[in-house]
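Colleague: Before we go through this model, I would like each term you use to be set against its criterion. Could we begin with the empty space inside?

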Amino acid sequence: MPTIAIPQGTLNTVPTGAGSGAGGSSGASGSDALDTLLAQSWGSSAIANAEALGLNPSALAAACVIESGCGANDGNGSGAQGPFQMYPAAFQDGLQTALAADPSLASQIVQGSAGMNDPTTEAIAASGYLMQANQNLESSGISNPTVLDVRSYYEFGPQYGAPVANADPSALLADVVPQSYLTNNNIPLNTTVAQWQSSVANTVGNSANQSVLM
């Protein structure tokens with residue numbers, strides 16, 4: 001996971017998530033993050049596959065921008081792999097969800113562990129994982145989750161996705177997520193939920209308040 005600068009001392013003035021996302025578009029300039037994804041040789045296929053699953057491609061693009069700059073820095077040596085920096089369990093869960101939703105995507109999958117380092121395959125798995133995140137948050141009372149909402153699920157895992165998204169912005173993130181999770185992600189322990197959300201929004205730009213699903 002790349003280090004994200006966390007602004008200290010002030011609360012953010014950017015959208016704080018908790019549902020009611022705005023729509024997104026699939027072409028260039030649909031979001032700042034989407035332009036970065038489109039610049040990759042595998043970006044167009046990743047976008048087409050996301051759309052086939054009903055996922056807003058800007059949500060997929062935001063994940064790869066945060067995780068690795070869409071491939072610019074895709075190795076952290078801790079077990080997470082590929083441009084979407086997925087761990088094996090999340091990769092398999094996401095892949096199963098995506099293929100259950102659209103079995104035709106199986107023709108693009110690189111089988112076995114090599115698939116985690118194949119951008120097209122991992123993009124399909126990441127799309128499925130974001131679909132899981134969206135469903136999890138909806139089940140927790142968040143209507144129309146945003147890219148910012150599902151980031152907590154992707155970064156901290158299913159157990160903490162909804163609690164962070166529903167937390168008071170002024171609360172310390174360390175009161176919601178185990179301190180070890182923050183330390184492992186280079187997040188200061190005095191970071192508030194709002195400050196963490198602000199760091200995410202500053203990284204992904206105008207995709208932060210877009211809906212996860214199309």
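Modeller: This is a predicted model, and the residues that line its largest cavity are Ala59, Ala62, Ala63, Ile66, Leu130, Val147, Val150, Arg151, Tyr154 and Val200. Helix 3 (57–68) and helix 6 (147–156) are the elements that give two or more residues to that lining.

Colleague: What makes this space a cavity rather than a pocket?

Modeller: A cavity is a set of points where a 1.4 Å probe fits but cannot get out, whereas a pocket is an open set, so the term says that the space is closed to that probe. The search of the whole structure finds two cavities of 30 Å³ or more, and about 70 Å³ of space lies in the largest.

Colleague: How do you know which classes of residue the lining holds?

Modeller: The lining has nine nonpolar residues, no polar ones and one charged residue. Arg counts as charged, while Ala, Val, Leu, Ile and Tyr count as nonpolar, and Arg151 is among the lining residues.

Colleague: Why is helix 6 described as largely enclosed by the rest of the structure?

Modeller: Buried means under 20% relative accessible area, and ten of the ten residues of helix 6 are buried, so the description follows. The buried residues include Asp149, Arg151 and Glu155, alongside others such as Val147, Tyr154 and Phe156. Their cover includes helix 3, helix 5, helix 7, helix 8 (179–184) and helix 9. Just after helix 6 comes Gly157, with a positive phi near 100°.

Colleague: What makes a group of residues a nonpolar core here, and which members touch the most others?

Modeller: The members must be buried residues of the listed nonpolar types, joined through side-chain atoms within 4.5 Å. The largest such core has 60 residues, of which Leu37, Leu60, Phe84, Met86, Tyr154, Phe156 and Leu173 touch the most other members. Helix 5 (119–139) is among the helices that each supply at least two residues of this core, and its nine residues are the largest share.

Colleague: Which residues is Leu60 in contact with, leaving aside its neighbours within four places in sequence?

Modeller: Contact requires heavy atoms within 4.5 Å, and on that basis Leu60 is in contact with Leu37, Ala46, Ala50, Leu55, Phe84, Ala123, Ala126, Ser127 and Leu130.

Colleague: And how many helices and strands does the chain have?

Modeller: The secondary structure comes to nine helices and zero strands, and buried residues make up 50% of the 214 residues in the chain.

Technical notes:
Residues numbered from 1 in each chain as written. Predicted model: local features only at pLDDT ≥ 70, side-chain atom pairs only at ≥ 80, totals over all residues. Heavy atoms only, no water. Helix = DSSP H or I, 4+ residues; strand = E, 2+ residues; numbered from the N terminus. Buried < 20%, exposed > 50% of the residue type's maximum accessible area, 1.4 Å probe, protein only. 1 Å grid on protein atoms, 1.4 Å probe; cavity = no way out; pocket = protein on both sides within 12 Å on 5 of 7 lines; lining within 4 Å. Points joined across faces, edges and corners; volume = space filled by probe spheres on them.
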